[in-house]
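Student: I am new to this structure and would like a close look at a single part of it. Could you take me through the sheet, strand by strand, and then show me what lies around it?

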Amino acid sequence: APKVVWYTLQAALEQDGFRPSVADPCLLVKYSEKGRAFINAYVDDMLIVGDAAAVEAATSMLSRAFKCKNRQARTITLNQSEYARSLPVKFGLQADSAERLTPIDFDQLSKETNSLPKNNSFSELIGALLYLSQ
């Protein structure tokens, strides 16, 4: 029965313009004038994310094609834009600051130790960017 559900769902999504991802066939992707929509499907459970208009179009199509429970009350919106905007200010890398090619002075580097000095802003910036990218 799970295969039948999957093939039926996949056919409906592909008819609507969704295409399976190369990385994972359970991840279906659609790019349209309404934006991007991503659907991760596992048997009869789905996670739908993307641009608001594209997500709305996808959920409307699914509701017309299948009997669905829309758990919109359990929607979670994550946004890191404020944190991302704070990083250049925190590390003195704003557009109006003095030009620097790197956020660490070369005289802090030593060929003998072959490592970055402790308490430098460069490693802290890299850590902040890694956190932001996850």
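Tutor: Please keep in mind from the start that this is a predicted model, and that what follows describes the model as it stands. To place the sheet, begin with the whole chain, which contains four helices and four strands. Read from the N terminus, the elements follow the order α-β-β-β-β-α-α-α, and of the 134 residues in the chain, 20% count as buried.

The four strands make up an open sheet with the order 1-2-3-4, and their pairing is antiparallel. Strand 1 (19–20) and strand 4 are the edges of this sheet, and since each has a single partner strand, one side of each is left without a neighbour in the sheet. As general background, strands of a sheet pair through backbone hydrogen bonds, in either a parallel or an antiparallel way.

Let us now cross the sheet from one edge to the other. Strand 1 runs antiparallel to strand 2 and is joined to it by two bridges; here Pro20 has Leu28, in strand 2, as its bridge partner. Leu28 also has a bridge partner in strand 3, namely Ile39, and with Leu28 as a guide you can step from strand 1 through to strand 3. Strand 2 (residues 27–32) and strand 3 (residues 35–42) are paired in the antiparallel sense over six bridges, and the connection between strand 2 and strand 3 is a hairpin of two residues. Beyond that, strand 3 pairs with strand 4 (residues 45–50), again in the antiparallel sense and over six bridges. Within this last pair of strands, Ala37 is found opposite Gly50 of strand 4.

Two salt bridges involve residues of the strands just described, and each is worth following to its other end. In general terms, side chains of opposite charge can pair when their charged atoms come close. The structure holds three salt bridges. One of them joins the side chains of Lys30 and Asp16, with 3.2 Å from N to O; it links distant parts of the chain, for Lys30 belongs to strand 2 while Asp16 sits in the loop between helix 1 (2–15) and strand 1, 14 residues apart. The two partners differ in their surroundings: Lys30 is buried because its relative accessible area is 19%, under the 20% limit for that class, whereas Asp16, with a relative accessible area of 25%, is partly exposed.

Another salt bridge is formed by Arg36 and Asp51, whose closest N and O atoms are 3.7 Å apart. Arg36 lies in strand 3 and Asp51 in the loop between strand 4 and helix 2, so this pair ties together parts of the chain that are 15 residues apart in sequence. Both ends are partly exposed, Arg36 with a relative accessible area of 42% and Asp51 at 29% relative accessibility.

Past the loop that holds Asp51 comes helix 2 (residues 52–65), whose 14 residues should span 20 Å at 1.5 Å a residue, and this agrees with its end C-alpha atoms, which are 20 Å apart. Its buried residues are Ala54, Val55, Ala58, Thr59, Met61 and Leu62. These residues cover an arc of only 160 degrees around the axis, which means that they are on the same side of helix 2. On the face turned away from this buried side, helix 2 carries the exposed residues Ala52 and Arg64. Thr59 deserves a separate look: it is part of helix 2, and it counts as buried because its relative accessible area is 18%. The C-alpha atom of Thr59 is separated by 8.1 Å from that of Ile48, and the two residues are eleven apart along the chain. Since strand 4 covers residues 45–50, Ile48 leads you from helix 2 back to the sheet.

For contrast with the two salt bridges above, consider the one whose side chains belong to Arg85 and Glu82, 3.4 Å from N to O. These two residues are three apart in helix 3 (residues 81–90), which means that about one helical turn separates them. Arg85 is exposed, with a relative accessible area of 53%, and Glu82 is likewise exposed, with 56%.

Note on methods. Residues numbered from 1 in each chain as written. Predicted model: local features only at pLDDT ≥ 70, side-chain atom pairs only at ≥ 80, totals over all residues. Heavy atoms only, no water. Pairing = 2+ DSSP bridges. Expected span 1.5 Å × (residues − 1). Buried < 20%, exposed > 50% of the residue type's maximum accessible area, 1.4 Å probe, protein only. Arc of directions from axis to C-beta. Salt bridge = Lys/Arg side-chain N within 4 Å of Asp/Glu carboxyl O.
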